[in-house]
Amino acid sequence: MEGIVWRCRLRNRLERKGEIKNKAIQSKNGSSRQMRFLGGTPVVPIGFVQTHPPRWKKRSINAYLQNQAVAQYTNILSQAQTQLAAAQAANDPEKINQATQAVTNAQTALNNANAAVKNTEAQLQAVNNELTLASNGWYSAGEAMRTAQAAITTIGNDISLAESEFRKATVGITDMQSSVPGLTA
């Protein structure tokens, strides 16, 4: 049924062949047989759209890999410092210069890795805060809709009660719009 709706609304504008330039769409949906293109723009199949984060999956990165990278750069820095100490002990200016450069590069790489970890943690915290706000907003909107539904149901019941009371009061009156008792009821 879904394919019929697409064909009716889009007629012949929906194509099977096209180019996906977005790397994210290419990696997630590029090999799907359900991909279609509308004027060269990829139309992602609805089965691939994630509506909410899975409950079983943590909203965090693989901290092990980033911490492993920091540990690796720490090891490289300690090795470079050992080379510098050996070059200073040998009193070779060329080796001292190379070892100093290696220590500087290792320290820079370690600082960049630490900064990347901190930046990723900050971004994750921001995303988690936004997700919490978004989910709370939807929850409160749903609660407001439930409250409004209850109020509308109460008003509908009051109208039904008033209507039945009016019918009881006008029992026996035949021509409701033109008789005196009908107009005064």
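Helices, taken as H or I runs of at least four residues, and strands, taken as E runs of at least two, are DSSP runs numbered from the N terminus, and in these terms K17 is placed in the loop between β1 and α2, the latter spanning 23-29. The model described here is predicted.

In the protein, 5 helices and 3 strands are assigned, and from the N terminus on the elements follow the order α-β-α-β-β-α-α-α. Of the 185 residues in the protein, 13% are buried, while the accessible surface comes to about 15,200 Å², with 56% of this area belonging to carbon and sulfur atoms. Among the contacts in the protein with a separation of 6 or more, 33% are accounted for by residues 24 or more positions apart.

The 3 strands form an open sheet in the order β1-β2-β3, with antiparallel pairing. The edge strands of this sheet are β1 (14-15) and β3 (41-43), each of which pairs on one side only. Between strand β2, which covers residues 36-38, and β3, the antiparallel pairing extends over 3 bridges; within this part of the sheet, R36 has V43 of β3 as its bridge partner. In the loop that follows β1 and leads to α2, K17 has a relative accessible area of 73% and is therefore classed as exposed, the cut-off for that class being over 50%. The C-alpha atoms of K17 and M35 are separated by 8.4 Å in space, although the two residues stand 18 residues apart in sequence.

The largest nonpolar core contains 11 residues, namely V70, L77, A80, L84, A87, A99, V103, A106, L110, A113 and V117. Helices α3 (63-90) and α4 (93-169) each supply at least two residues of this core, and the greatest contribution, 6 residues, is made by α4. For V70, one of the core residues, the contacts that remain once neighbours within four places in sequence are left aside are those with L110, A113, N114 and V117.

The backbone oxygen of V70 also takes part in a polar contact, since it lies 2.8 Å from a polar atom of the side chain of T74 and the limit for such a pair of N or O atoms is 3.5 Å. T74 itself lies in helix α3 and, at 37% relative accessibility, counts as partly exposed. From T74 to N111, the C-alpha to C-alpha distance is 9.7 Å, across a sequence interval of 37 residues.

A contact of a side chain with a backbone oxygen is also found in helix α4, where T120 is located: the side chain of T120 reaches the backbone oxygen of A116 at 2.7 Å. T120 has a relative accessibility of 18% and so counts as buried, given that the buried class is defined as under 20%.

The loop between α3 and α4 contains N91, for which phi is near 60°, a positive value in a residue other than glycine. With a relative accessible area of 61%, N91 is exposed.

Terms used
Residues numbered from 1 in each chain as written. Predicted model: local features only at pLDDT ≥ 70, side-chain atom pairs only at ≥ 80, totals over all residues. Heavy atoms only, no water. Buried < 20%, exposed > 50% of the residue type's maximum accessible area, 1.4 Å probe, protein only. Contact = heavy atoms within 4.5 Å. Areas by Shrake-Rupley, 256 points an atom, 1.4 Å probe, with all protein chains shown as cover. Core = buried A, V, L, I, M, F, W, Y, C linked by side-chain atoms within 4.5 Å. Pairing = 2+ DSSP bridges. Polar contact = N/O pair within 3.5 Å; in protein donor to acceptor, adjacent residues only side chain to side chain.
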